[in-house]
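Q: I'm new to this protein and would like a close look at one part of it. Could you pick a sheet and walk me through it, with a bit about what surrounds it?

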Amino acid sequence: MQVKESLLFPRQRWRCAILPVVIWTLFTTSLPGCDQDDPSPPPEDGSGDDGGDSGDSGPWILNTTGARAPYIYETNSNAQVLVNVQSVEAVTVENKRYTRVSATGIPDYKIVITGNLYDWLINRPRAATDFVGGNPTVQVGDNVLFGQDIGYSSNSRSCDTGAGYGFWPPGPVCPENVSHQGYFPQEPEISNERCESVLGAQGYWVNGTSIYQWSDGQILDGTWHTLAPVAEVYDVDICGGHAARGEYHHHFYSDCLADLVGDNGDSHSPIYGFTADGYAIHGPWVANGELAKSSWAIRDYDDPDSPSGCGIAGERRCLLIDEYDINQGIAALASNGPSTSDTFTSLSGNIFITESGFFYEDYYWNQDLTALGGANLDQFNGHSDSERGYHYHLTVTLNEAGQLIPAFPYTFGPRFYGKLDDQTIVSVCSDEVGGGAPPGPPPG
Ligand SMILES: [Zn+2]
Ligand SMILES: [Zn+2]
């Protein structure tokens, strides 16, 4: 099995190849980005909650030994934060059965610095200022624990002593114990509504960290939604995660998660997490060496005759009327969006070319691909089989170098396949693409 490699360095290489950095801007320690995400408030216990019934913890990574994070401490305390999942219980609320999962949201990843990962670090376009001394303080072959200082100039306002300073690139806040609790329907049901995934936690990975969707919460010109796995590529740690309001999360496939669940791509991937609707997200493989395929295609703006373009090569001056039905055509915009050769400066001061695929609005569901069946997923990024029933897949593509590149919509969605309800982590059905989570206080 040759294909499983770190996502960060290959993505970085890919990005370097096609999105050259052309200018440098002053670094700002203020990075709203994901920080603007409002995590869903914890569901309230409803009447009939039986108080929990501990049983088989299933795929959840239960902390049975009291293991604590080596570098992350409780707020205003000298106690280290417990890692992974603290409890998994079967509960009944309003006659519906759920798995109730409690977790700190702090993982216990162990990372080996490979040659490629090291190259990724030193080839960051802003490495000179991203690292305190201009370079990482680790070497190839080093073992790094989650939160260990590898030399980054982290956000000094939230990442000081006891918060893992040096493990996170500049910008994002540092993770905290968010003590969250999620209810996952044990018998998920298909939704008959169109519920968009939103900002904030959309479910939990099996180690109790949060699943976030494609959005980084930024919108250009009031129209164009940027994609976290693209625009925040320099704003995630060596496990491909970062925090918003203290909440650690992944927006896309992580090697660290793959290692945790023992996925090496030699068979259908195991479960990596569960979304709010109760359906599982599996890893990227559907069989030995065979990747699940997203059926979301990229619009062709560069061919003026393309039905997904806007009539003038390279220009973003129209939106698809319905990204789920390209046959409905396009609608002109009052003002042009960025062209496919323009540049975009991210909140961390990194510069990207806005080629097609940079924004949410650059994608449409190609139902002809889904109709092929097999490894081709549906518009929710899932499929069914006799063994697992309906489930989502993390999606990546394989480049010529045998490296995995995150592929939209990355985790699940953009819409939920299953029903949301009052108890689920996302409890409101949103019709707003990339919309905000229900208002609530920041965790921690
Ligand atoms: Zn994020
Ligand atoms: Zn599958």
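A: What follows starts with the whole protein, moves into one sheet, and then goes on to a few other spots.

Keep in mind that this is a predicted model. The protein has 444 residues, and 51% of them are buried. Its secondary structure comes to six helices and 27 strands. As for how the chain meets itself, take the contacts with a separation of 6 or more: 66% of those are between residues 24 or more positions apart.

Now for the sheet. It's an open one made of three strands, in the order β3-β4-β7, and the pairing is antiparallel. The two edges belong to β3 and β7 (180-185); each has a single partner strand, so one side of each has no neighbour in the sheet. Going from one strand to the next, the twist averages 25°. As a bit of background, strands in a sheet pair through backbone hydrogen bonds, and the pairing can be parallel or antiparallel.

Let's look at the β4 and β7 side. These two run antiparallel and are joined by six bridges. If you want a pair to find in the view, try S102, which stands opposite Q181 in β7.

Over on the other edge, β3 covers residues 85-93, and E89 is part of it. E89 counts as partly exposed because it has 17 C-beta neighbours inside 10 Å, while it takes 20 or more to be called buried and 12 or fewer to be called exposed. E89 and Y183 are 94 residues apart along the chain, yet their C-alpha atoms are separated by 9.5 Å.

Another β3 residue to click on is Q86. Q86 is partly exposed because 17 other C-beta atoms lie within 10 Å. Setting aside neighbours within four places in sequence, Q86 is in contact with N63, S102, A103 and T104. You met S102 a moment ago, standing opposite Q181 in β7. Q86 also has T64 to compare with: the two are 22 residues apart along the chain, and 7.8 Å separates their C-alpha atoms.

Follow the chain on from β3 and you come to the loop between β3 and β4 (96-103), where N95 is found. N95 has a phi near 65°, a positive value in a residue other than glycine. N95 counts as exposed because it has 7 C-beta neighbours inside 10 Å. Something similar turns up at N76, in the loop between β1 (68-73) and β2 (80-82). Phi of N76 is near 55°, again positive in a residue other than glycine, and N76 is classed as exposed because it has 6 C-beta neighbours inside 10 Å.

What about the inside? The largest nonpolar core has 96 residues, and those with the most contacts inside it are V81, V101, I111, L227, I281 and F408. F408 is a good one to zoom in on. Neighbours within four places in sequence aside, F408 is in contact with W214, L227, S294, W296 and Y363.

F408 also has an unusual-looking link to check in the view: a cis peptide bond joins F408 and P409, with omega about 5°. P409 sits in the segment after β27 (404-406). P414 lies in the segment after β27 too, and there a cis peptide bond joins G413 and P414, with omega about 15°.

How values were computed. Residues are numbered from 1 along each chain as its sequence is written. Chains are lettered from A and ligands numbered from 1 in the order in which they are written. This is a predicted model: local features need pLDDT of at least 70, side-chain atom pairs count only at pLDDT 80 or more; totals for chains, interfaces and linings use all residues. Helices (H or I, at least four residues) and strands (E, at least two) are DSSP runs, numbered from the N terminus. Two residues are in contact if their C-beta atoms, placed from the backbone, lie within 7 Å. A nonpolar core is a set of buried Ala, Val, Leu, Ile, Met, Phe, Trp, Tyr and Cys residues joined through C-beta atoms within 7 Å. Two strands pair if DSSP finds at least two bridges between them. Axes are lines fitted to C-alpha atoms, for helices over the stretch in contact, and angles run from 0 to 180 degrees between N-to-C directions.
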